[in-house]
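User: Please pick one part of this model and look at it closely. Then work outward from there to whatever else can be said about the surroundings.

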Amino acid sequence: IEVLLKGLPELPKKTYLYRDKEFQELDVEAIINLSPSIILIDELAHSNIPGAKHAKRWQDILEILDHGINVHTTLNVQHIDSLNDIISGITEITVRETVPDMIIEKAHAIQLIDLTPDELLQRLEEGKVYAEGQSKVAILHFFQKDKLTALREIVLRYVADKIDID
């Protein structure tokens with residue numbers, strides 16, 4: 001990711017103190033003041049640190065959109081609120097960071113990035129998704145081949161349903 005970001009401007013983050021530690025979050029005001037025509041913001045489902053302007057990143061993005069700035073963002077299928085019960089039934093893990101479906105409905109376009117479970121597991125093992133320690137835990141729990149296959153099927157159906165609606 002760092003290689004891909006070379007040459008792109010990066011906004012300073014806002015620092016928050018929480019439990020005697022410093023955390024950095026998106027600086028919504030700086031983005032609005034800069035007023036770019038488009039901005040890339042990772043992790044739509046991210047929960048901001050307590051004390052940040054909004055509790056959730058998707059709320060930050062709504063405010064940015066309200067100022068006429070186009071946003072490209074990322075979202076994993078397990079973070080779609082209406083799919084949460086189905087996904088927790090398959091993975092046996094309750095995902096707490098979800099995005100309301102109305103946020104997805106506001107999207108002008110959705111691009112599905114589809115990897116086979118084997119490709120995703122390979123990327124995890126190579127440290128291309130999470131830091132090494134996190135990858136091993138993820139592979140043992142959430143990212144198992146049978147679960148990934150089911151998640152892939154769910155997201156393909158979800159996108160197909162959205163196309164039918166449009």
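Analyst: Leu 83 is the starting point: its relative accessible area is 9%, and because buried means under 20%, this residue counts as buried. The model is a predicted one, so every value below is computed from predicted coordinates. Leu 83 sits in the loop between β4 (70–73) and α4. With neighbours within four places in sequence left aside, Leu 83 has contacts to Val 77, Ile 154 and Tyr 158. For Ile 154, the C-alpha atoms of the two residues are 8.4 Å apart, although 71 residues separate them along the chain.

Val 77 can be followed from its own side. Under the exclusion of neighbours within four places, Val 77 contacts Leu 83, Ile 87, Leu 151, Ile 154 and Val 155. Ile 154 thus appears in the contact list of Leu 83 and in that of Val 77.

These contacts lead to the largest nonpolar core, which has 17 residues. Val 77, Ile 80, Leu 83, Ile 87, Phe 143 and Leu 151 have the most contacts inside this core. Helices α6 (117–125) and α8 (145–165) each contribute at least two residues to the core. The most comes from α8, which gives 6 residues. Another core, of 16 residues, lies apart from this one and includes Leu 26, Ile 31, Ile 32 and Ile 64.

Next to consider is Asn 84. Asn 84 belongs to helix α4, residues 84–91. Its relative accessible area is 12%, so Asn 84 is buried. As for its polar partner, the side chain of Asn 84 comes to 3.0 Å from the backbone oxygen of Val 95. Val 95 is also among the residues that Asn 84 touches beyond four places in sequence, together with Gln 78, Thr 94 and Thr 98.

The second core leads to another region through one of its members, Ile 64, which is also one of the buried residues of α3. Helix α3 covers residues 57–66, and 7 of its 10 residues are buried, so the helix is largely enclosed by the rest of the structure. The buried set consists of Arg 57, Trp 58, Asp 60, Ile 61, Leu 62, Glu 63 and Ile 64. These residues pack against β2 (21–25), α2, β3 (38–41), β4 and α5 (101–105). After α3 comes Gly 68, with a positive phi near 80 degrees.

Asp 60 of α3 ties the helix to the loop before it. Asn 48 is placed in that loop, between β3 and α3, and at a relative accessible area of 9% it is buried. The side chains of Asn 48 and Asp 60 form a polar contact of 2.9 Å. A polar atom of the Asn 48 side chain is also 2.9 Å from the backbone oxygen of His 54. Beyond four places in sequence, the contacts of Asn 48 are Glu 25, His 54, Ala 55, Lys 56, Arg 57 and Asp 60.

Asn 48, His 54 and Asp 60 also appear together in a cavity lining. The search of the whole structure gives 1 cavity of 30 Å³ or more, and the space in the largest cavity is about 50 Å³. Its lining consists of Lys 14, Tyr 16, Glu 25, Leu 26, Asp 27, Val 28, Glu 29, Asn 48, Ala 52, Lys 53, His 54 and Asp 60. Of these lining residues, 6 are charged, 4 nonpolar and 2 polar. The elements β1 (14–18) and α2 (28–34) each provide at least two of the lining residues. Leu 26 has two roles here, as a lining residue and as a member of the 16-residue core.

Strand β1 leads on to a loop with a contrasting environment. Arg 19 lies in the loop between β1 and β2, and Asp 20 is placed in the loop between β1 and β2 as well. With a relative accessible area of 69%, Arg 19 is exposed; Asp 20, at 76%, is likewise exposed. Arg 19 has a phi near 50 degrees, which is positive in a residue other than glycine. The phi of Asp 20 is near 65 degrees, again a positive value outside glycine.

Methods
Residues are numbered from 1 along each chain as its sequence is written. This is a predicted model: local features need pLDDT of at least 70, side-chain atom pairs count only at pLDDT 80 or more; totals for chains, interfaces and linings use all residues. Side-chain values use heavy atoms; hydrogens and water are left out. On a 1 Å grid over the protein atoms alone, a cavity is a set of points where a 1.4 Å probe fits but cannot get out, and a pocket is an open set with protein on both sides within 12 Å along at least five of seven lines; lining residues have an atom within 4 Å of a point. Grid points are joined across faces, edges and corners, and a volume is the space filled by probe spheres set on the points. Helices (H or I, at least four residues) and strands (E, at least two) are DSSP runs, numbered from the N terminus. Ala, Val, Leu, Ile, Met, Phe, Trp, Tyr, Cys and Pro count as nonpolar, Asp, Glu, Lys and Arg as charged, and the others, Gly among them, as polar. Buried means under 20% relative accessible area, exposed over 50%, partly exposed in between (1.4 Å probe, protein chains only). A polar contact is a pair of N or O atoms within 3.5 Å; within protein, one must be able to donate a hydrogen and the other to accept it, and residues adjacent in sequence count only if both atoms are side-chain atoms. Contact means heavy atoms within 4.5 Å. A nonpolar core is a set of buried Ala, Val, Leu, Ile, Met, Phe, Trp, Tyr and Cys residues joined through side-chain atoms within 4.5 Å.
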